[in-house]
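Thanks for passing this one along. Here are some notes to read with the model open beside you.

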Amino acid sequence: MRDFGFIKGMPHDGCAEEFEDYKKFKNSIPKKKIIEHMESDKVVRCYGLMNSHDIFTGQKIECGLIEDGKFMFPMEFLHYYKNYDIGIPYDYEEYLKGIIDY
């Protein structure tokens, strides 16, 4: 399983990634299509019992994990992806190119 999106400040164990690093990803799939997929019933969601919040605004956000094929990322990552100018790792984008129409 390939994990990504575990950004420092999230309530998950081992969150050591830097938010700024996700600003460097410039993806070729339109963001709208990626979000549609991340929100679809094609991914598995495991809702967390802990509370989470936006590390910049303090807004309460949904906590848990999303599993998509061989990839796993926190639900909070979807919040940041939708609301901030960040991208997804290129290996996840390559995986998506094989399963979604864009």
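**Notes on the predicted model**

1. Let me start with one register of the sheet: R45 stands opposite I66 in β5. Please keep in mind throughout that this is a predicted model. The strand that pairs with β5 here is β2, residues 44-47; the two run antiparallel and are joined by four bridges.

2. On its other pairing, β5 meets strand β6 (residues 71-74), again in the antiparallel sense and over four bridges. A handy residue pair for checking this register is E67 with its bridge partner M72 in β6. The two strands make a hairpin with two residues between them. If you look at the turn, G69 has a positive phi of about 60°.

3. Which residues of β5 sit on its covered face, and which on the uncovered one? The strand spans residues 64-68, with G64, I66 and D68 on the covered face. L65 and E67 make up the uncovered face. This fits a simple rule: in a regular strand the side chains alternate between the two faces of the sheet. Taken with the pairings above, I66 belongs to the covered face and stands opposite R45, while E67 belongs to the uncovered face and is bridged to M72.

4. The largest pocket is worth a visit next. About 170 Å³ of space lies in it, and its lining consists of E39, R45, E62, I66, M75, E76, L78, H79, K82 and N83. You will recognise R45 and I66 from the first point, where they stand opposite each other. Helix α3, residues 75-83, gives the largest share of the lining, with six residues. By class, the lining has five charged, three nonpolar and two polar residues.

5. Turning to charged pairs, the count of salt bridges comes to seven. One of them joins the side chains of R2 and D91, at 2.8 Å from N to O. R2 lies in strand β1 (residues 2-3) and D91 in helix α4 (residues 90-97), so this pair ties together parts that are 89 residues apart in sequence. Both ends are partly exposed: R2 has a relative accessible area of 29%, and D91 comes to 33%.

6. Two further salt bridges lie within helices. In helix α2 (residues 31-38), K33 and E36 are three residues apart, about one turn of the helix. Their closest N and O atoms are 3.9 Å apart, so the contact falls inside the 4 Å cut-off for a salt bridge. K33 is partly exposed at 33% relative accessibility, and E36 is partly exposed at 39%.

7. The other within-helix example is in α4, where K97 and E94 are also three residues apart, or about one helical turn. Their side chains meet at 3.2 Å, N to O. K97 is partly exposed at 29% relative accessibility, and E94 likewise at 49%. Recall that D91, the partner of R2, lies in helix α4 too.

8. Now for the rings: the whole structure holds 19 aromatic pairs. F19 and F56 form one that is edge-to-face, with 4.9 Å from centre to centre and 75° between the planes. F19 lies in helix α1 (residues 19-22) and F56 in the loop between β3 (52-53) and β4 (60-61), so the pair ties together parts that are 37 residues apart in sequence. The accessibilities are 7% for F19, which is buried, and 46% for F56, which is partly exposed.

9. F56 also pairs with Y84: the ring centres are 5.3 Å apart and the planes stand at 55°, so this pair is tilted. Y84 lies in the loop between α3 and α4, so its pairing with F56 ties together parts that are 28 residues apart in sequence. At a relative accessible area of 22%, Y84 is partly exposed.

10. Last, have a look at the aromatic cluster. Its members are F4, Y22, F25, F71, F73, F77, Y81, Y90, Y92 and Y95.

Methods. Residues are numbered from 1 along each chain as its sequence is written. This is a predicted model: local features need pLDDT of at least 70, side-chain atom pairs count only at pLDDT 80 or more; totals for chains, interfaces and linings use all residues. Side-chain values use heavy atoms; hydrogens and water are left out. Buried means under 20% relative accessible area, exposed over 50%, partly exposed in between (1.4 Å probe, protein chains only). Two strands pair if DSSP finds at least two bridges between them. On a 1 Å grid over the protein atoms alone, a cavity is a set of points where a 1.4 Å probe fits but cannot get out, and a pocket is an open set with protein on both sides within 12 Å along at least five of seven lines; lining residues have an atom within 4 Å of a point. Grid points are joined across faces, edges and corners, and a volume is the space filled by probe spheres set on the points. Ala, Val, Leu, Ile, Met, Phe, Trp, Tyr, Cys and Pro count as nonpolar, Asp, Glu, Lys and Arg as charged, and the others, Gly among them, as polar. Rings of Phe, Tyr and Trp (its six-membered ring) pair if their centres lie within 6.5 Å; planes under 30 degrees apart count as stacked, over 60 as edge-to-face and the rest as tilted.
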